[in-house]
Amino acid sequence: AEVLELELSEESSLVGKPIEDLVEDIEGTFVIGAITREESRINPRGDTVLEPGDHAIVLAEMDFASELASLA
């Protein structure tokens, strides 16, 4: 596994959807461990919606890490 820190852009396909939907829609194994939004820490849950500018700490399979990073 690989740990990534992703800063989500306005164009990110990860933005605007609950995490539980992302897990179902994306063909790769990953876990979002923490989110920082405007200097506040958010404990991610299935219903958490990612927003532009969020910094997400993600644990992803090594084979999938670069593909996931490209979605940010």
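Here are four short exercises, with worked solutions, on the predicted model shown above.

**Exercise 1. Find out which residues have the most contacts inside the largest nonpolar core, and which elements give two or more residues to this core.**

Solution. Start with the core itself: it has 20 residues. Those with the most contacts inside it are Leu6, Leu14, Phe30, Ile32, Leu50 and Leu68. Next, look at the elements. Two or more core residues come from each of strand S1 (2-7), helix H1 (19-25), strand S2 (30-37), strand S4 (55-60) and helix H2 (62-71). Now zoom in on Leu6. If you skip its neighbours within four places in sequence, Leu6 is in contact with Leu14, Asp54, His55, Ala56, Val58, Leu68, Ala69 and Ala72.

**Exercise 2. Work out which residues of H2 are buried, and what covers them.**

Solution. First, pick out the buried ones: Phe64, Ala65 and Leu68. They span an arc of only 120° around the axis, so they sit on the same side of H2. A handy rule goes with this: an α-helix has 3.6 residues a turn, so residues three or four places apart point the same way. Then turn the helix around. The face of H2 away from its buried side carries Asp63, Ser66 and Ser70, which are exposed. Last, check the cover: S1, S2 and S4 are among the elements lying over the buried residues of H2.

**Exercise 3. Describe the largest cavity: its volume, its lining and the classes of its lining residues.**

Solution. Begin by counting: the structure holds 1 cavity of 30 Å³ or more. The volume of the largest cavity is about 50 Å³. Now walk around its wall, and you'll meet Leu6, Leu8, Leu14, Leu22, Phe30, Ile32, Leu50, Ala56, Val58 and Leu68. Sort these by class and you get 10 nonpolar, no polar and no charged residues. As for elements, S2 and S4 each supply at least two residues of the lining.

**Exercise 4. Is Ala60 buried or exposed, and which residues does Ala60 touch?**

Solution. Locate the residue first: Ala60 lies in strand S4. Its relative accessibility is 1%, and buried means under 20%, so Ala60 counts as buried. Then list its partners, not counting residues up to four places away in sequence: Ala60 touches Ala1, Glu2, Thr29, Phe30, Ala65 and Leu68. Finally, try a distance. Ala60 and Ala34 are 26 residues apart in sequence, and from C-alpha to C-alpha they are 13 Å apart in space.

Methods
Residues are numbered from 1 along each chain as its sequence is written. This is a predicted model: local features need pLDDT of at least 70, side-chain atom pairs count only at pLDDT 80 or more; totals for chains, interfaces and linings use all residues. Side-chain values use heavy atoms; hydrogens and water are left out. A nonpolar core is a set of buried Ala, Val, Leu, Ile, Met, Phe, Trp, Tyr and Cys residues joined through side-chain atoms within 4.5 Å. Buried means under 20% relative accessible area, exposed over 50%, partly exposed in between (1.4 Å probe, protein chains only). Helices (H or I, at least four residues) and strands (E, at least two) are DSSP runs, numbered from the N terminus. Contact means heavy atoms within 4.5 Å. The arc is that of the directions from the helix axis to the C-beta atoms. On a 1 Å grid over the protein atoms alone, a cavity is a set of points where a 1.4 Å probe fits but cannot get out, and a pocket is an open set with protein on both sides within 12 Å along at least five of seven lines; lining residues have an atom within 4 Å of a point. Grid points are joined across faces, edges and corners, and a volume is the space filled by probe spheres set on the points. Ala, Val, Leu, Ile, Met, Phe, Trp, Tyr, Cys and Pro count as nonpolar, Asp, Glu, Lys and Arg as charged, and the others, Gly among them, as polar.
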